[in-house]
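Trainee: Hi, do you have a moment to go through this model with me? I'd like to start with one helix and work outwards.

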There are 2 protein chains.
Amino acid sequence: MANISKNKILDLRELYRKKKERDRSGLFIAEGVKILRDIINKNIPVESVFLAETIEASDKGKNLIDILEKKKMSFQFISRAQYEKISNLENPEGVLSVIKKNIIKVSAINKKNNPFLVLCDSLQNPGNLGTIIRDCSAFNVSGIILTGDSADPYNPKTVRATTGTVLDIPIFQAVYGDIAVLKKEGYKILVSALDHSKGVDIAEVDISENPFILVFGSEGEGVSEELRNMADTIFYIPINKKCESLNVVSASAIAIYSFSRKS
Amino acid sequence: MANISKNKILDLRELYRKKKERDRSGLFIAEGVKILRDIINKNIPVESVFLAETIEASDKGKNLIDILEKKKMSFQFISRAQYEKISNLENPEGVLSVIKKNIIKVSAINKKNNPFLVLCDSLQNPGNLGTIIRDCSAFNVSGIILTGDSADPYNPKTVRATTGTVLDIPIFQAVYGDIAVLKKEGYKILVSALDHSKGVDIAEVDISENPFILVFGSEGEGVSEELRNMADTIFYIPINKKCESLNVVSASAIAIYSFSRKS
């Protein structure tokens, strides 16, 4: 019978649900078959793998077990009931991988290795943050900075929305003072306006000479005053006046794409 | 005491939850204060308004009631318990507006009034569809076509994600045969590839001469073979090879923005 101790289940449940526990342990949980396969393909070290017994019933599950055995990776079966104590998905595939977070200090940021940074300020929706991380990976952004009251990039919902790209790109947790330092070091601060007619049309922003930080704000409030005060350029994406604003995922996708084409 | 009949509650509940009921009645429900204010500002006729009693406790609620009274619009109070039987939001604001769907036949599409169409093929996530509708409104797309097994644009989740723009833009329900007819009439069919290296780089697509239909597929499967076979151009958004694909909201935002800048 596949079972692990009650305490272990409780630990995994905490890791799954609580940022505090992820911060304390330096670990996070990636859930699902595809993401584990991606992690294996990228040779990212995995701390442990837990499989719900029920996974053996599917071809996808059998195939995953084959891969784990071929790679000589250890894994443990747990009962479906135990699995459901950990996960909060309605129809989970039945795979939990425990992975080490990729923690890098803000002081490691430098103009040479990180010429194109994206900053999310108090972006609170985990799914939106995950999608933006995926877009940053797609368009070769060289790092993501989180400030204010942002969602945890290692929240299971965020990790899912990144489709496995959360480990492809350095993610930094920073305070506004850190950004002031980066600005002094030569980074241009480009702030997206929620309002669609303030500042410079995105097509006119010149980024040819300096490394830059592209700043997006929270879903409702936009970018904080502290960051707006540091802006070298405030830019907008021109939209129909009937429409009040773009959703932050759409706005950031357009801006990240546009700036990646310019740089 | 604010109460309406049990049958009326059941009707509203059906309208809120079931596409079939929305199709039958030609009505849908928009939920929330802001969306109702937008609808009033745009002079869109409202069939009826239901307010949870609790709404009077908030400034936002009082302010809305002021507006309704000034505009001489009728509204009915219902108890909080009744409200919660209809809505499935966790923290609803307590406003339901019943609105007539804006139904237009595919045969009304024409090159002069609808030079830039967006087609969503079997796009099943209501939130994603809503965000795309919002983007289409923002970038002056002249109509949205839905084919295959797409989400209902009048689903409450979709309506919420559109932030009130669902009535700003004509939305057409069509079959593949209708698209073949539009192609014969001179529309160019531009299909986005899920794969990021198939077809033409989006920056190279020329849309200077013809009206066009920009086609996006479902989250998992992409665009159906029937539509791919009709394509005049298959285009891709160039992304890092590490990243398998873009999320459909990001991809469509980038494409709609890019084509709106070209046209």
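**Salt bridges and the chain contact**

Mentor: Happy to! D38(B) and K34(B) are four residues apart in helix α3 of chain B, so about one helical turn separates them. Helices here are DSSP runs of H or I with at least four residues, strands are runs of E with at least two, and both are numbered from the N terminus.

Trainee: What do D38(B) and K34(B) form?

Mentor: They form a salt bridge, with the closest N and O atoms 3.0 Å apart. The term stands for a side-chain nitrogen of Lys or Arg within 4 Å of a carboxyl oxygen of Asp or Glu.

Trainee: Is D38(B) buried or exposed?

Mentor: D38(B) is buried, at 13% relative accessible area, while K34(B) is partly exposed at 40%. Buried is under 20% relative accessible area, exposed is over 50%, and partly exposed lies in between (1.4 Å probe, protein chains only).

Trainee: Before I go on, what should I know about the model and the numbering?

Mentor: This is a predicted model, where local features need pLDDT of at least 70 and side-chain atom pairs count only at pLDDT 80 or more, while totals for chains, interfaces and linings use all residues. Residues are numbered from 1 along each chain as its sequence is written, chains are lettered from A and ligands numbered from 1 in the order in which they are written, and side-chain values use heavy atoms, leaving out hydrogens and water.

Trainee: Thanks! How many salt bridges are there over all chains?

Mentor: There are 28 over all chains. The count between chain B and chain A is four. One salt bridge pairs K34(A) with E244(B), at 3.2 Å from N to O.

Trainee: And what does R261(B) meet in a salt bridge?

Mentor: Its partner is D201(A), at 2.6 Å from N to O. R261(B) sits in helix α10 of chain B and D201(A) in strand β9 (residues 200-201) of chain A, so this pair joins two chains. R261(B) is partly exposed at 34% relative accessible area, whereas D201(A) is buried at 15%.

Trainee: What about R261(A)? Which residue does that side chain meet?

Mentor: R261(A) meets D201(B) in a salt bridge, also at 2.6 Å from N to O. That pair crosses between chains too, from helix α10 (residues 248-262) of chain A to strand β9 (residues 200-201) of chain B. R261(A) is partly exposed at 36%, and D201(B) is buried at 17%.

Trainee: Changing scale: how much area do chain B and chain A bury between them?

Mentor: About 2500 Å², with 52% of it on carbon and sulfur atoms. Buried area is the accessible area (1.4 Å probe) that two parts lose on being put together, summed over both. R134(B), Y257(B) and R261(B) supply 20% of what chain B buries against chain A, more than any other three residues.

Trainee: How many residues are in contact?

Mentor: 31 residues of chain B are in contact with 31 of chain A, contact meaning heavy atoms within 4.5 Å.

Trainee: Last one: which residues have the most contacts inside the largest nonpolar core?

Mentor: F259(A) and F259(B), in a core of 92 residues. Such a core is a set of buried Ala, Val, Leu, Ile, Met, Phe, Trp, Tyr and Cys residues joined through side-chain atoms within 4.5 Å. Not counting residues up to four places away in sequence, F259(B) touches several residues, including F116(B), L190(B) and F235(B).
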